[in-house]
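User: I'd like to learn how to read a structure like this one, feature by feature. Could we go through it together?

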Amino acid sequence: FEYDVALSFAGEDRAIVEEFASRLKAKSIKVFYDEYEAAALWGKDLVDHLVNIYSRKARYCVMFISQYYPLKKWTKAERMAAQERALRDSNEYILPLRVDDTQVPGLTETTGCRDLRQHSVESIVDLLEQKLMEAKAHSSPLSPSHDLRSGSVTSANTESGDHPLPK
């Protein structure tokens with residue numbers, strides 16, 4: 001993955017997200033945070049680029065759930081791309097982080113989440129670091145259905161004489 005984590009948030013929550021991103025960066029966790037990518041984003045088709053990041057290029061997506069989150073067009077696009085990824089992948093991908101009790105379409109109450117009113121940013125970053133270490137220790141080569149970068153489907157066992165799967 002290009003990023004360990006992609007952050008999805010409403011602009012009104014930028015102050016808390018900035019602290020979160022800064023702590024991730026200090027731990028050498030590869031984070032997609034728009035301010036860190038300002039030069040790269042300048043002039044790009046943001047819809048295509050962001051959909052690609054949230055659906056393919058990050059191991060996890062941390063969603064900062066607040067009263068503003070479901071109201072924004074950009075967070076809706078990010079959420080829909082992340083939910084598409086979550087549907088394809090058997091591993092958890094969306095990590096909800098509550099700022100308040102707002103409900104967000106597509107995220108059920110049974111989804112495990114953390115709450116910034118009950119836990120510090122530092123403790124949540126530490127937990128995310130632990131989750132990343134566990135995921136990387138247990139990661140295996142991507143299955144053919146997950147090879148999204150090339151646009152083709154191939155078998156991981158071609159060395160043993162197996163042939164690529166048909167397109």
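User: Which residues make the nonpolar surface patch, and about what area does the patch have?

Analyst: Patches are built from residues with over 30% relative accessible area and no salt bridge; like charges are joined within 9 Å, and nonpolar side chains (Val, Leu, Ile, Met, Phe, Trp, Tyr) within 5 Å. Accessible areas come from the Shrake-Rupley method with a 1.4 Å probe, and for residues only the protein chains shown count as cover. Here Leu46, Val47 and Trp74 make a nonpolar patch of about 260 Å². Keep in mind that this is a predicted model, where local features need pLDDT of at least 70, side-chain atom pairs count only at pLDDT 80 or more, and totals for chains, interfaces and linings use all residues. Residues are numbered from 1 along each chain as its sequence is written, and side-chain values use heavy atoms, with hydrogens and water left out.

User: Where does Val47 sit, and is Val47 buried, partly exposed or exposed?

Analyst: Elements first: helices (H or I, at least four residues) and strands (E, at least two) are DSSP runs, numbered from the N terminus. Val47 belongs to helix α3, residues 46–57. For burial, under 20% relative accessible area is buried, over 50% is exposed, and anything in between is partly exposed, with a 1.4 Å probe and protein chains only. Val47 has a relative accessible area of 44%, so partly exposed is the word.

User: What caps the N-terminal end of α3?

Analyst: A polar contact is a pair of N or O atoms within 3.5 Å; within protein, one must be able to donate a hydrogen and the other to accept it, and residues adjacent in sequence count only if both atoms are side-chain atoms. The cap is Asp45, with a side-chain oxygen 3.1 Å from the backbone nitrogen of Val47.

User: Which residues of α3 are buried, and what covers them?

Analyst: The buried ones are Leu50, Ile53, Tyr54 and Ser55. Their cover includes β1 (3–8), β2 (31–32), β3 (58–65) and α4 (73–88). To read contacts, look for heavy atoms within 4.5 Å.

User: Let's look at α4 too. What is Gln83 in contact with, leaving aside its neighbours within four places in sequence?

Analyst: Gln83, a residue of helix α4, touches Ile94, Pro105, Gly106 and Leu107. Gln83 counts as buried because its relative accessibility is 16%.

User: How do these pieces fit into the chain, and what pattern does the protein chain follow along the sequence?

Analyst: The protein chain has five helices and five strands, in the order β-α-β-α-α-β-α-β-β-α. Of its 167 residues, 37% count as buried. Among contacts between residues at least 6 apart in sequence, 68% join residues at least 24 apart. The chain exposes about 9,900 Å², and carbon and sulfur atoms supply 52% of that area.

User: How many salt bridges does the whole structure hold?

Analyst: The criterion is a side-chain nitrogen of Lys or Arg within 4 Å of a carboxyl oxygen of Asp or Glu. The search finds 13 salt bridges. One of them pairs Arg14 with Glu35, the closest N and O atoms being 3.7 Å apart. This pair links distant parts of the chain, 21 residues apart: Arg14 is in helix α1, and Glu35 is in the loop between β2 and α2 (38–41). Arg14 is partly exposed at 25%, and Glu35 is partly exposed at 46%.

User: How far apart in sequence are Arg23 and Glu19?

Analyst: Both lie in helix α1, four residues apart, about one turn of the helix. Their salt bridge brings the closest N and O atoms to 3.3 Å.

User: And what about Arg117 and Asp115: how far is N from O in their salt bridge?

Analyst: The distance is 2.6 Å. Arg117 is partly exposed at 46%, whereas Asp115 is buried at 9%. As for networks, salt bridges that share partners join Arg14, Asp34 and Glu35 into one.

User: What is special about phi of Ser28?

Analyst: Phi of Ser28 is near 60 degrees, a positive value in a residue other than glycine. Ser28 sits in the loop between α1 (14–26) and β2, and is exposed at 64%.

User: Last one: how many disulfides are there?

Analyst: A disulfide is a covalent bond between the sulfur atoms of two cysteines. The cut-off used is a pair of cysteine sulfur atoms within 2.5 Å, and the structure holds zero disulfides. As for cysteines, Cys61 is buried at 0%, while Cys113 is partly exposed at 34%.
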